[in-house]
Amino acid sequence: MPTVSMKVNGVDVSGDVEARTLLVQFLRETLDMTGTHVGCDTSQCGACCVLMNGDSVKSCSVLAVQAEGAEITTIEGLANGDELHPMQDAFRQNHGLQCGFCTPGMVISAIDLVSKNPKPTEKEVREWLEGNLCRCTGYHNIVKAIQAGAQAMGG
Amino acid sequence: MYDFEYHRAASLDDAAGKLKSADDGTLVAGGMTLIPTLKLRLASPSDLIDISGLAELSGIKAEGDAVVVGAATIHAAVAASSDVRAKIPALADLAELIGDAQVRNRGTLGGSIANNDPTADYPAALLALGATIRTDHREIAADDYFEGLFETALDAGEIITQVAFPVPEKASYQKFPNPASRYALVGVFVAKGPSGVRVAVTGAGLDGVFRVTEMETALAENFSPDAIKDVSVSADGLNADIHAGADYRAHLIGVLARRAVADCT
Ligand SMILES: Cc1cc2nc3c(=O)[nH]c(=O)nc-3n(C[C@H](O)[C@H](O)[C@H](O)COP(=O)(O)OP(=O)(O)OC[C@H]3O[C@@H](n4cnc5c(N)ncnc54)[C@H](O)[C@@H]3O)c2cc1C
Ligand code: FES
Ligand code: FES
């Protein structure tokens with residue numbers, strides 16, 4: 001069985017996995033980090049988004065072995081102790097979630113957007129969220145949250 | 001997903017060697033097509049040879065009158081490239097319209113054209129711009145490359161290394177995305193360049209990407225939306241599914257082609 005090593009939220013981790021193990025399975029099942037969700041079978045919902053070397057990817061469509069040596073950031077890695085990441089806090093303040101299932105992916109995707117485009121317009125946020133589906137909110141407050149989060153992050 | 005042996009290629013030669021020695025090996029680049037396919041158990045390769053991130057296959061450079069894009073270059077890099085933006089803005093626009101941000105962060109040009117999905121975007125750009133596909137063995141003109149649904153001129157074990165896109169005088173890509181998948185319901189790439197005026201259509205054809213020569217002739221004479229307003233595209237040979245009938249797709253080809261001509265820069 002291949003051994004895979006990577007840095008997850010700043011911590012070096014490794015594990016023996018089958019080659020077919022998805023990155024999201026490695027996170028959830030091997031590392032017991034269940035913050036990253038799986039919402040579909042078709043690579044379309046974005047609930048599984050994590051940052052891989054700074055860019056958001058769908059961890060359900062990347063093999064764990066492909067992340068060998070990579071730096072991964074999951075939703076668990078954002079807060080600083082009890083202090084939420086500004087984007088997490090913006091989701092909370094703006095009611096950017098209802099059931100919360102899509103939220104980890106939304107927050108990660110939003111952080112990737114802001115890293116590339118510090119002051120996204122509403123249209124740019126909506127376009128960027130193409131790969132993140134929410135079945136509850138109707139997106140309105142998610143878009144608001146992301147713009148507020150971008151501002152709080154210094155944009 | 002069935003299990004397989006995974007190998008990360010150290011170089012192009014290494015990838016070719018591993019592909020040859022595997023029982024039933026497959027390349028993986030971005031995995032945005034292959035991994036969903038494996039998850040559905042629609043394929044069961046013995047070995048996966050990973051070429052993503054191979055320096056030899058990545059990157060974008062201007063080369064004479066062409067922009068050359070490495071096969072393992074991700075869509076996001078093409079969309080963000082200042083060379084592509086400056087020389088072939090329509091190509092950067094196209095890359096930016098593929099799927100979603102996360103797909104663009106992994107999916108590659110080589111993977112897209114090796115797969116030749118009839119609703120993929122890049123095939124339209126390659127055909128309209130008269131691009132050349134470079135492999136580890138030879139060069140193939142786009143006109144000879146796309147051979148039908150998921151079929152290409154690639155031989156077994158052949159690896160795409162680069163695509164050379166001649167810089168056009170002007171070009172535009174107009175896409176009517178499927179509202180659910182974001183693949184092209186119909187996409188039309190119009191280019192006026194070294195190989196004349198070309199109109200290439202993706203998403204609509206039962207056999208994949210194709211050119212509309214009647215429009216090309218009319219536009220060669222008079223490059224304006226008006227010149228093609230009376231050219232009707234036949235619904236024969238066009239795809240019909242729950243998203244759109246063949247006649248609707250035929251209509252969209254006309255509309256998008258006129259928009260593309262009007263938008264050409
Ligand atoms: C949710 C979603 C939405 C999408 N939307 C769109 C869209 O709107 N438009 C669009 O065009 N595409 C879309 N795609 C597909 C996406 O563009 C893929 O990235 C692309 O089709 C395949 O590239 P890849 O690098 O991921 O290839 P992989 O999945 O790694 O490989 C695909 C195939 O190509 C072969 N291959 C890869 N590289 C090479 C090479 N260099 N030489 C020879 N063979 C090679 C592999 O062996 C495999 O058979 C979407 C995908 C998803 C998951
Ligand atoms: S779980 Fe739906 S895109 Fe990954
Ligand atoms: S809050 Fe329920 S899916 Fe988005």
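Here are some short exercises, with worked solutions, on the predicted model shown above.

**Exercise 1.** Work out how many helices and strands chain A has, and in what order they come.

*Solution.* Start by counting: chain A holds five helices and five strands. Next, walk along from the N terminus, and you get β-β-α-β-β-β-α-α-α-α. So you'll see that the run ends with four α in a row.

**Exercise 2.** Does chain A agree with a compact globule or depart from one?

*Solution.* Take the number of residues, 155, for which a compact globule would have a radius of gyration near 15 Å. Now look at chain A: its value is 15 Å, so the two agree. For the outline, the C-alpha trace spans about 45 × 30 × 25 Å along its principal axes.

**Exercise 3.** What share of chain A is buried, and what does its surface consist of?

*Solution.* Call a residue buried if its relative accessible area is under 20%. On that basis, 51% of the 155 residues in chain A are buried. Then turn to the outside: chain A exposes about 7000 Å², and carbon and sulfur atoms supply 46% of that area.

**Exercise 4.** Find out how many residues each chain brings to the contact between A and B, and which three supply the most buried area on chain A.

*Solution.* Count the residues on both sides: 27 come from chain A and 26 from chain B. Together the chains bury about 2100 Å², with 54% of it on carbon and sulfur atoms. Finally, pick out the top three on chain A: Arg20(A), Gln66(A) and Glu130(A) supply 29% of the area that chain A buries against chain B, more than any other three residues.

How values were computed: Residues numbered from 1 in each chain as written. Chains lettered and ligands numbered in written order. Predicted model: local features only at pLDDT ≥ 70, side-chain atom pairs only at ≥ 80, totals over all residues. Heavy atoms only, no water. Helix = DSSP H or I, 4+ residues; strand = E, 2+ residues; numbered from the N terminus. Rg over C-alpha atoms; globule rule 2.2 N^0.38 Å. Buried < 20%, exposed > 50% of the residue type's maximum accessible area, 1.4 Å probe, protein only. Areas by Shrake-Rupley, 256 points an atom, 1.4 Å probe, with all protein chains shown as cover. Contact = heavy atoms within 4.5 Å. Buried area = accessible area lost by both parts, 1.4 Å probe.
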